[in-house]
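This report describes how the strands and helices of one protein chain are arranged. Keep the structure in view while reading.

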Amino acid sequence: MTGSSYYSMEKAAAWRSSGSTQTQARVYNERLILSLIRLHGELSKVELTQLTSLAPQTITSIVNEAAANTLLLRGKPRRGGLGQPSVPYALNPSGAWSFGLAMDAEGIEIVLTDFLGKIVEGARTLVAPLSPAAVIEAADAGIKALLARHNDIPSDRIAGLGIASPFYGSAWPAALGLGNYQASEWERIDLRAELDARFEWPVYLLPDGVVAAGGELTFGAGLGRTDFIYLHLGDRVSAGLVLDHRLHTGRNRLAGMIGDFAVGAATLNEIASLRSLPIPDGADPQNDQAYLADPAVAEWVAKAAPALGAFAWQAVSLLDVDDIIVDTDAPPALTKALVRAISRDLSRAAATRPAPLSVQSGTLGLKAFATGAASIPLMVRFGSDTEVLFK
């Protein structure tokens, strides 16, 4: 982790709860409406009334205000039914913007996304070695350059900067190519606080697997799913958890640290990370059939899938979750092959489970960490998560 404020919200106090004010209730209703419209694409006031059981006057007031603030766009009236035509409302892509920052062994990636999660522009900067000072300066310069090229975006429309942190578990120094001294630098520097001091909007930092799960929840395969376990395979194996439409970061904001999970005599990082995937001589990842048919790749899938399935089954058994989302930094064909293999393994284990168990591919791929990081400020500012709202 970096510094003492790993995440911008304090650790939740044990055995403490609080009520909500009338203002908080209205803000929650506003965010609930925005979240429902994000899920469904577009909704009319009548449909929102039916989905929320809120009074029609409340719906009208909130929707009209959101449209006046350009968070919502008014669509064309729907005709053909009884009575007055209904008017659908959709999220305005330009209603809000967010930055995401991800790091790997070669440097940093910064993306600027709109309200719908579309990457408007991204920039990659090589940083070697990956020192805190170099990352801070590169991130500062990169974000300011993006702002200069998109100077029509009002500053109050920027929800913030999310950072996908790779600094957790035991394997991160090796995965980032860092020695002991360089790794110790990251333990002394509070990256979030350093960048937060440079911008007028908030900065959030969470483990990269957690923010990637947030990206799927907000923009991707997890949108509309009540609960799911998220697994990501890159230089390390990381994870995220969504329960009751809420991203769970853990009491210490360190959820998702599963790379050191032991399967037999080895860890998930050793068995299923992409660092353990051999690259056959002359292999072309873009030639799906030939790549997947290579014995070395097929052997890796045959070992990685049961290991990931073993972890997933324990998590499913404990949490009673119906969906697992798996994403990787590998070519989509390899991700799909891995998902099929995990699904086959779990189908046997889950044969007596009353509810079906689904395993599917994520949608963000190589952009999972950067896009997921950008989802966090939007989630904090516009999401209906009561844990965030009432703090």
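Two strands count as paired if DSSP finds at least two bridges between them. The model discussed here is predicted. In it, strand β5 (residues 107–114) and strand β6 (residues 119–126) run antiparallel and are joined by 7 bridges. Within this pair, Ile108 stands opposite Thr125 in β6. The two strands form a hairpin with 4 residues between them. In the turn, Gly117 has a positive phi of about 90°.

The hairpin strands belong to an open sheet of 5 strands, in the order β6-β5-β4-β7-β8, with mixed pairing. β6 and β8 (203–207) each have a single partner strand, so one side of each is left without a neighbour in the sheet. On average, neighbouring strands are turned by 20° against each other, direction ignored.

Two of the pairings in this sheet are listed below.

| Strands | Direction | Bridges |
|---|---|---|
| β5 (residues 107–114) and β6 (residues 119–126) | antiparallel | 7 bridges |
| β4 (residues 97–104) and β7 (residues 158–165) | parallel | 5 bridges |

In the pairing of β4 with β7, Leu101 has Ile163 in β7 as its bridge partner. Helix α4 (residues 132–149) packs on the sheet and touches β4, β5, β6 and β7. The direction of α4 makes about 30° with that of β5. Helix α8 (residues 208–219) lies across β7 and β8 and runs at about 110° to β8.

Helices also pack on each other. Helix α1 (residues 22–40) and helix α3 (residues 56–68) have axes 10 Å apart and pack at an angle of about 70°. Therefore α1 is roughly perpendicular to α3. At this contact, Arg26, Asn29, Glu30 and Ile33 in α1 meet Ile59, Ser61, Ile62, Val63 and Glu65 in α3. By class, these are 4 nonpolar, 2 polar and 3 charged residues.

Which residues have the most contacts inside the largest nonpolar core? They are Leu231, Trp300, Leu308, Ile324 and Leu338, in a core of 36 residues. Elements giving two or more residues to this core include β9 (228–233), β14 (323–328) and α12 (332–349). The largest share, 11 residues, comes from α11. Leaving aside neighbours within four places in sequence, Trp300 is in contact with residues including Leu233, Ile271, Pro278, Leu334 and Leu338. A second, separate core has 31 residues, among them Val135, Ala139, Ile163 and Trp172. Ile163 is thus named twice here: in this second core and as the bridge partner of Leu101.

Definitions and conventions:
Residues numbered from 1 in each chain as written. Predicted model: local features only at pLDDT ≥ 70, side-chain atom pairs only at ≥ 80, totals over all residues. Heavy atoms only, no water. Core = buried A, V, L, I, M, F, W, Y, C linked by side-chain atoms within 4.5 Å. Buried < 20%, exposed > 50% of the residue type's maximum accessible area, 1.4 Å probe, protein only. Contact = heavy atoms within 4.5 Å. Axes fitted to C-alpha atoms, helices over the stretch in contact; angles between N-to-C directions. Parallel < 35°, antiparallel > 145°, perpendicular 65-115°, else oblique. Nonpolar A, V, L, I, M, F, W, Y, C, P; charged D, E, K, R; others polar.
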